[in-house]
Amino acid sequence: YTYSAAHEFLSSLSGVVGTAQTLGSKTYTNGVFDAADVTFPSVSGATAEALVIYIDTGVAGTSRLVAYIDTGVTGLPVTPNTGDINVTWNASGIFAL
């Protein structure tokens with residue numbers, strides 16, 4: 001997948017690696033979005049170079065993209081080996097608006 005500011009919905013993505021995970025314990029305080037760390041179980045496929053956060057409506061064509069994170073995440077890029085991939089968000093939050 002190549003990032004494009006023109007992409008608005010999950011259906012714009014290609015080459016997705018791993019199974020989508022729900023973010024737990026979400027907070028939004030003083031413009032900073034945060035959530036609990038997340039684990040992607042049993043990941044296989046091509047090298048993962050970024051994380052994408054989106055609002056899941058159950059339909060890819062209406063699930064709005066929120067954030068494309070390819071820097072500031074320890075361990076990226078990662079080459080899956082069928083094991084779990086654990087994502088530990090920065091203590092300061094995932095992103096700020």
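Which residues of the largest nonpolar core touch the most other members? In this predicted model, they are Phe 40, Leu 51, Ile 53, Ile 69, Trp 89 and Ile 94, out of a core of 16 residues. Four strands each give two or more residues to this core: E3 (38-40), E4 (51-54), E5 (65-69) and E6 (85-87).

Ile 53 offers a good place to look around the core. Leaving aside residues up to four places away in sequence, Ile 53 is in contact with Leu 23, Leu 65, Val 66, Ala 67, Ile 69, Trp 89, Ile 94 and Phe 95. Within E4, Ile 53 shares the covered face with Leu 51, while Val 52 and Tyr 54 make up the uncovered face. In a regular strand, side chains alternate between the two faces of the sheet. E4 also has a partner in E5, and the two strands pair in the antiparallel sense over four bridges. Here Val 52 of the uncovered face stands opposite Tyr 68 in E5.

The strand E4 returns when attention turns to open space in the model. The largest pocket holds about 1000 Å³ of space. Its lining comprises 41 residues, and the closest to the pocket centre are Phe 40, Ala 50, Leu 51, Val 52 and Ile 53. Two or more lining residues come from each of E3, E4, E5 and E6, and E4 gives the most, with four residues. By character, the lining divides into 28 nonpolar, 10 polar and three charged residues. Leu 51 and Ile 53 thus appear both among the core residues that touch the most other members and among the residues closest to the pocket centre.

Another part of the model is an open sheet of three strands, with the order E1-E2-E7 and antiparallel pairing. Strands E1 (27-29) and E7 (95-96) stand at the edges; each has a single partner strand, so one side of each is left without a neighbour in the sheet. E2, which covers residues 32-34, is joined to E7 by two bridges. Phe 33 stands opposite Phe 95 in E7, and Phe 95 is also one of the residues that Ile 53 touches.

Finally, the segment before E1 includes Gly 15. This glycine counts as exposed because its relative accessibility is 64%, where exposed means over 50%. Gly 15 and Phe 95 are 80 residues apart in sequence, and their C-alpha atoms are 24 Å apart in space.

Methods. Residues numbered from 1 in each chain as written. Predicted model: local features only at pLDDT ≥ 70, side-chain atom pairs only at ≥ 80, totals over all residues. Heavy atoms only, no water. Core = buried A, V, L, I, M, F, W, Y, C linked by side-chain atoms within 4.5 Å. Buried < 20%, exposed > 50% of the residue type's maximum accessible area, 1.4 Å probe, protein only. Contact = heavy atoms within 4.5 Å. 1 Å grid on protein atoms, 1.4 Å probe; cavity = no way out; pocket = protein on both sides within 12 Å on 5 of 7 lines; lining within 4 Å. Points joined across faces, edges and corners; volume = space filled by probe spheres on them. Nonpolar A, V, L, I, M, F, W, Y, C, P; charged D, E, K, R; others polar. Pairing = 2+ DSSP bridges.
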